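Thank you for making the time this morning. I would like to walk you through one chain, going from its overall layout to a few individual residues.

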Amino acid sequence: MPRYCAVKLCKNRGGTHSKDKKRISFYPFPLQDEDRLQIWVDNMKREDWAPSRHQYLCSEHFTEDCFDLRWGIRYLKHTSVPTIFPHTPGVSRTKTFQSCN
Ligand SMILES: [Zn+2]
């Protein structure tokens, strides 16, 4: 089954490319890290919803400093939380934005 993004308004699917031709990557929810998982879900603003291990967020929802680049592969840092969503114009400046460091 192809990966797709769990964000309702996001149309990204596995194998697609973003507007600037960057390859979209998909990251599983941090199910083993409850505190961070809660921030992910809060930022998504989906109520009464819990992600499963089969759901992913695409790289479009993370700022550049959320990633470590090694050998041409982008890894999501262990402290990163998604902050960019279709219903939040521009980059949000919530306190969670600092969590990428
Ligand atoms: Zn997405």
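**From layout to single residues**

The protein chain contains 1 helix and 4 strands, and I should say at the outset that what you see is a predicted model. Reading from the N terminus, the elements follow the order β-α-β-β-β. Of the 101 residues in the protein chain, 18% are buried, and if we take the contacts with a separation of 6 or more, 50% of them join residues that are 24 or more positions apart.

Let me turn to the core. The largest nonpolar core has 6 residues, namely Cys-5, Ala-6, Val-7, Tyr-27, Leu-57 and Cys-58. As a general background, nonpolar side chains in soluble globular proteins tend to be buried together.

Cys-58 deserves a longer look, and it lies in strand E2, which covers residues 56-58. Why does Cys-58 count as buried? The reason is that Cys-58 has 23 C-beta neighbours inside 10 Å, where the cut-off for a buried residue is 20 or more. Leaving aside residues up to four places away in sequence, Cys-58 is in contact with Cys-5, Cys-10, Asn-12, Ile-24 and Phe-26. Gly-14 is 44 residues away from Cys-58 along the chain, and yet the C-alpha atoms of the two are separated by 9.0 Å.

Another member of that core is Val-7, and with the same exclusion of residues up to four places away in sequence, Val-7 touches Met-44, Leu-57, His-61, Phe-85 and Pro-86.

Now to the helix. Leu-37 sits in helix H1, which spans residues 34-44, and Leu-37 counts as partly exposed because it has 16 C-beta neighbours inside 10 Å. Not counting residues up to four places away in sequence, the contacts of Leu-37 are Phe-29, Pro-30 and Leu-31. From Leu-37 to Ala-50, a step of 13 residues along the chain, the C-alpha atoms are separated by 9.4 Å.

Finally, the hairpin. In which sense do strand E3 and strand E4 pair? Strand E3, residues 67-70, and strand E4, residues 73-76, are antiparallel and are paired over 4 bridges, with Asp-68 standing opposite Tyr-75 in E4. Between the two strands of this hairpin there are 2 residues, and Trp-71 adopts a positive phi near 55° there.

Methods
Residues are numbered from 1 along each chain as its sequence is written. This is a predicted model: local features need pLDDT of at least 70, side-chain atom pairs count only at pLDDT 80 or more; totals for chains, interfaces and linings use all residues. A nonpolar core is a set of buried Ala, Val, Leu, Ile, Met, Phe, Trp, Tyr and Cys residues joined through C-beta atoms within 7 Å. A residue is buried if 20 or more other C-beta atoms lie within 10 Å of its own, exposed if 12 or fewer, and partly exposed in between; C-beta atoms are placed from the backbone. Two residues are in contact if their C-beta atoms, placed from the backbone, lie within 7 Å. Two strands pair if DSSP finds at least two bridges between them.
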